[in-house]
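Let's take a walk through this model, one region at a time. Have the structure open as you read.

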Amino acid sequence: MAKPRVFVTRLIPEAGLAKIRAACDAEIWTEPLPPSADIVRQKLADCDGLLSLLTERIDGPLLDVAPKLKVVSNYAVGYNNIDIPAATERGICVGNTPGVLTDATADLAFALLMAASRRIVESHTWTLAGHWKTWEPLGHIGQDLVGRTIGIAGLGRIGTAMAKRCHGGWGMKVIYHDMHHNEQAERELGAVRVDFDTLLRESDFISVHADLNDTTRGMFNAAAFAKMKPTCVFVNTARGPHVVEADLVEALKSGKIFAAGLDVTDPEPPRIDNPLLHLPNCVVVPHIASATVSSRNAMAEIAADNLIAGVTGQPLRAWVNPKVADQRRK
Ligand code: DGY
């Protein structure tokens, strides 16, 4: 029997590719840059499965030209690049990769918090430029961390892992804003759920870990930055569109907040003339939160398992839209 045809939109770790090649007739896009929307459309005309990255926009019109498509397996825990209702309506399963990049992402959020608070990148650049002439009693002064208040926007898996680092390692008070109570974090970390304004007003550091959806898009805007402490350090490892970037630029330039550490921008990649890349109090890295050996290997395995389950009619290992089960495409 012919193997199911699948399109994989980028080279991912061999831990996943080997599984996919064994079970499927796989075409793998090996270019360093993503395939264009036109190429994805052409490939999908004849595919049973798609392994996508967060760089591909998967929406209704695209799915309409994919009559055989049974599954979209996203190589990411976030799936805001996929129109889930559109996939579900068409009987298409969607998978993601939760649970295996939690620590890697929280580690990077903490690294950005530390780098921005202690002005590490700015000091490094200054050193490389030959400005280090003597020890400076008044130079490079940053923020203290111990015993201060971390505000977490979105206390799910990754937000909780960040809160644990801040509370356990640095004795910080944890406050959080989330639609849901996180009783375990309240019990174990003394986390306190607060409204959004209180989070903005009381936090010394704010770290974003919320899903991107219609209620969270643009939530960090001029009004929000205006309520933060002038010493506040803002960290985003979730998605760029949580932030109105022009407002963040203004807040950083005018001293409404102290600094920012960003793993994500809007759009990605940022234009080279994006002011965020040129402000001394902003650290920007290229969406690398999950970029560790074990996280990327585990993501590849889950994404491969989801893809193979999708094309063979099995339940997905991490299934974003399980309610499609009764009407999934055969
Ligand atoms: C995700 O998984 O959603 C990250 O943003 C990339 O690993």
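## Around helix 7

Start at the end of helix 7, where G171 follows with a positive phi, near 60 degrees. Helices here are DSSP runs of H or I with at least four residues, strands are runs of E with at least two, and both are numbered from the N terminus. A quick word on the source: this is a predicted model, where local features need pLDDT of at least 70 and side-chain atom pairs count only at pLDDT 80 or more, while totals for chains, interfaces and linings use all residues. Residues are numbered from 1 along each chain as its sequence is written, and side-chain values use heavy atoms, with hydrogens and water left out.

Helix 7 itself covers residues 157-170, 14 in number, and spans 19 Å from first to last C-alpha, close to the 20 Å expected (1.5 Å times one less than the number of residues). Its buried residues (under 20% relative accessible area with a 1.4 Å probe, protein chains only) are I158, G159, T160, A161, M162, A163 and C166. Covering them are, among others, helix 5 (102-117), strand 6 (149-153), strand 7 (173-177), helix 8 (183-189) and strand 9 (205-208); contact here takes heavy atoms within 4.5 Å.

## Backbone oddities

Most residues other than glycine have a negative phi, and most peptide bonds are trans. R119, in the loop between helix 5 and helix 6 (120-128), has a positive phi near 55 degrees. H140 sits in the loop between helix 6 and strand 6, and its phi is about 60 degrees, again positive. Both count as partly exposed (from 20% to 50% relative accessible area): R119 comes out at 22% and H140 at 29%.

Then there are two cis peptide bonds to look at. One joins D266 and P267, with omega about 5 degrees; the other runs from E268 to P269, with omega near -10 degrees. P267 is in the loop between strand 11 (259-262) and strand 12 (282-284), and P269 is in the loop between strand 11 and strand 12 too.

## The ligand site

What surrounds the ligand? Within 4 Å, heavy atom to ligand, you'll find L54, A76, V77, G78, L101, R239, H287, S290 and M299.

Ligand oxygen atoms make polar contacts (N or O pairs within 3.5 Å) with the backbone of V77 at 2.7 Å, the backbone of G78 at 2.9 Å and the side chain of S290 at 2.7 Å. Taken alone, the ligand exposes 230 Å², and the protein buries 91% of that (Shrake-Rupley areas, 1.4 Å probe).

Methods: Polar contact = N/O pair within 3.5 Å; in protein donor to acceptor, adjacent residues only side chain to side chain.
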